[in-house]
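I opened a fresh notebook page for this one and jotted things down as I looked them up. Here is the structure, followed by my entries.

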Amino acid sequence: MNIIEESFQEKQKKDKTKLVKRIILVVIIILVLAIIGIAITMVYLDKAKLRVYVDGKINDEVKDLLVIQEDGKIYIPIKEIAPYIGYESYNGDYRDKSEDKSRCYIQCEDEVANFTLNSNKIYKLSTKSKSNTGEDYDYFYADEPIKAMNGILYTDTVGFEEAFNTVFNYDRNNNRIQIYTMPYLIQSYTNSVLDYGYSKIDDDFENQKAILESMLIVQRDGSGTIGVINCDTGEVLIEPKYDDIEYLQDTNDFLVTSNKKVGILSNAGELKVQLLYDSLELMDSDSGLYLAERDGKYGVIDTNGSIKIHLEYDEIGVDITRFTNNDIKNKFILADNLIPVKKDKLWGFFDKTGKQLVDFKYESFGYIASNNRDAMNLLVIPEYNMIVAKRDGKYALVNSEGEEKVPNILDDAYMTISSGVTYYYMTYNDKRYDIEDYLDAVGVEKIEEGVISGSSNNGANNNETNGNTETTNNTEETENQ
């Protein structure tokens, strides 16, 4: 073998080696690209897969409960999700116990929320009320009415957040849902409050709801004074110089107390009502009215401090705890318009604008059953926005404008409940009459129950769900007066 052949063979070996290296390099590049492609695909698939987190932890069971539509709207089954959020749930209404599946309520240690099919008005009741009557109902509106799907009641995300005191975030781009409960949020910010120089977060349940709007009511160590801060930045919203602060979830304002006088501050620290009153209590968030007390007398002011009813009356509002079966949610405003006001042992009516509609002539409002074992106490007939009023030992039916549609000649006016349906009766000259039949006969129309509903309709809802229900004493002849 000569030198030329050896050189040629050596060159061939080098070329083969280079080719092998190139092939290996290409294979490596292809594998890397494949791995990158697989990784990208996995990331994409993972991103496309819905993830639901409850208090920071993935919860596939909650994910399976949600109904998510193509437009991004989400509906949440009320009773089914309750145990995952720390609530118990039941059919019916909290005060009107039944198995009515067109209603349900949820309950935690401090609060109850009531839901009604086809209504977006959701009532909440504090079970640790500060009031003497023990009936502190608040309400809020979901964006949409409560829906029924396959016999299960659903609410939208707004209804869910408000009723369950949660934060619900849906990131459609990343297909992630984050649900945070209030106890989890409070615990999460406990250390931050210490870092901001405060001793603790106020432990009142109602006050802790401020965290759902990124605010915290905090106490200053040593002085015991209270203020409000932004929970994320520590920015002072209301200086920690007040003796007491009460968060009003309905209006997102704060009742503040200093030197035993109460006023109202906005969540930006703006003074809305001067600290002039011995006490203030929200009467109705829709109309922005507050019960105001000063020197033992009562009146009504609005959210800007303007006086609607002068502070010169003995009592405003009625004790609705005596009418638990009557499903009354507001002790201050009856029949959606009338404010009962007492002066010198007699009652009259004002409307929500502060105009007096009825002079002080009634002894009391409502009928208290005594002898009739089937009769139940009655204050309001919600289907007609009618109130039972007593004068000179007799009863009248008064409408929302203060007009007596039935004069005060009745011996009594009461309600009964049979098979879940509510009936209303009145007696005159020892004869019993069906109130609804009478009102229909004289041309008083029923209240249409819309999406935003101020009072529930036991009869209507239960008739719809229970089918044909036999009327009690249906053989009794009903006569018009």
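**Entry 1: a term I need, then strand E32**

Before looking at any partners, I note that two strands count as paired if DSSP finds at least two bridges between them. The model is a predicted one, and I kept that in mind throughout.

I began with strand E31 (residues 380–381), which pairs with E32 in the antiparallel sense over two bridges. I looked up Ile381 and found Met386 as its bridge partner in E32. The two strands make a hairpin with four residues between them. In that turn, Asn385 has a positive phi of about 50°.

Next I followed E32 to strand E33 (residues 394–398), where the pairing is antiparallel over five bridges. Here Val388 has Leu397 in E33 as its bridge partner. This hairpin has two residues between the strands, and Asp392 takes a positive phi near 55°.

Strand E30 (residues 364–365) also pairs with E32, antiparallel and over two bridges. For Ser364, the bridge partner in E32 is Lys390.

Why is strand E32 largely enclosed by the rest of the structure? Five of the six residues of E32 (residues 386–391) are buried, so the surroundings cover most of this strand.

**Entry 2: the sheet from E5 to E9**

I moved on to an open sheet of five strands, in the order E5-E6-E7-E8-E9, with antiparallel pairing. Strands E5 (88–91) and E9 (137–141) stand at the edges with a single partner strand each, so one side of each has no neighbour in the sheet. From one strand to the next, the twist averages 20°.

Inside the sheet I checked E7 (residues 111–116) against E8 (residues 121–126): four bridges join them, and they run antiparallel. Asn114 has Tyr123 in E8 as its bridge partner.

What lies across this sheet? Helix H4 (residues 157–164) lies across strand E6 (103–107), E7, E8 and E9. The helix runs at about 160° to E9.

**Entry 3: salt bridges**

As a reminder to myself, side chains of opposite charge can pair when their charged atoms come close. The structure holds 18 salt bridges, and I looked up a few.

Lys209 and Glu111 meet through their side chains at 2.3 Å, N to O. This pair links distant parts of the chain, 98 residues apart: Lys209 is in the loop between helix H6 (205–208) and strand E15 (215–219), while Glu111 is in strand E7. Are these two buried or exposed? Both Lys209 and Glu111 are buried. They also belong to a network of salt bridges that links Glu111, Lys124, Glu206 and Lys209.

Lys272 and Asp253 form another salt bridge, at 2.8 Å from N to O. Lys272 lies in strand E21 (residues 271–277) and Asp253 in strand E19 (residues 253–258), so the salt bridge ties together parts that are 19 residues apart in sequence. Lys272 is partly exposed at 25% relative accessibility, whereas Asp253 is buried with a relative accessible area of 4%.

The last pair I checked was Glu239 with Lys241, whose closest N and O atoms are 3.4 Å apart. Glu239 is partly exposed, at 47% relative accessible area. Lys241 is partly exposed too, with a value of 47%.

**Entry 4: a nonpolar patch**

Which residues make the nonpolar surface patch of about 790 Å²? I listed Val20, Ile24, Leu25, Ile28, Ile29, Val32, Leu33, Ile36 and Ile40. I picked Ile36 for a further look and found it in helix H1 (residues 3–48). Ile36 counts as partly exposed, at 42% relative accessibility.

**Entry 5: the whole chain**

I closed with the overall numbers. The secondary structure comes to eight helices and 37 strands. Of the 481 residues in the protein chain, 47% count as buried.

Among contacts with a separation of 6 or more, 44% are between residues 24 or more positions apart. The accessible surface comes to about 24,500 Å², and 46% of that belongs to carbon and sulfur atoms.

Note on methods
Residues are numbered from 1 along each chain as its sequence is written. This is a predicted model: local features need pLDDT of at least 70, side-chain atom pairs count only at pLDDT 80 or more; totals for chains, interfaces and linings use all residues. Side-chain values use heavy atoms; hydrogens and water are left out. Axes are lines fitted to C-alpha atoms, for helices over the stretch in contact, and angles run from 0 to 180 degrees between N-to-C directions. Contact means heavy atoms within 4.5 Å. A salt bridge is a side-chain nitrogen of Lys or Arg within 4 Å of a carboxyl oxygen of Asp or Glu. Buried means under 20% relative accessible area, exposed over 50%, partly exposed in between (1.4 Å probe, protein chains only). Patches are made of residues with over 30% relative accessible area and no salt bridge: like charges are joined within 9 Å, nonpolar side chains (Val, Leu, Ile, Met, Phe, Trp, Tyr) within 5 Å. Accessible areas come from the Shrake-Rupley method with a 1.4 Å probe; for residues, only the protein chains shown count as cover.
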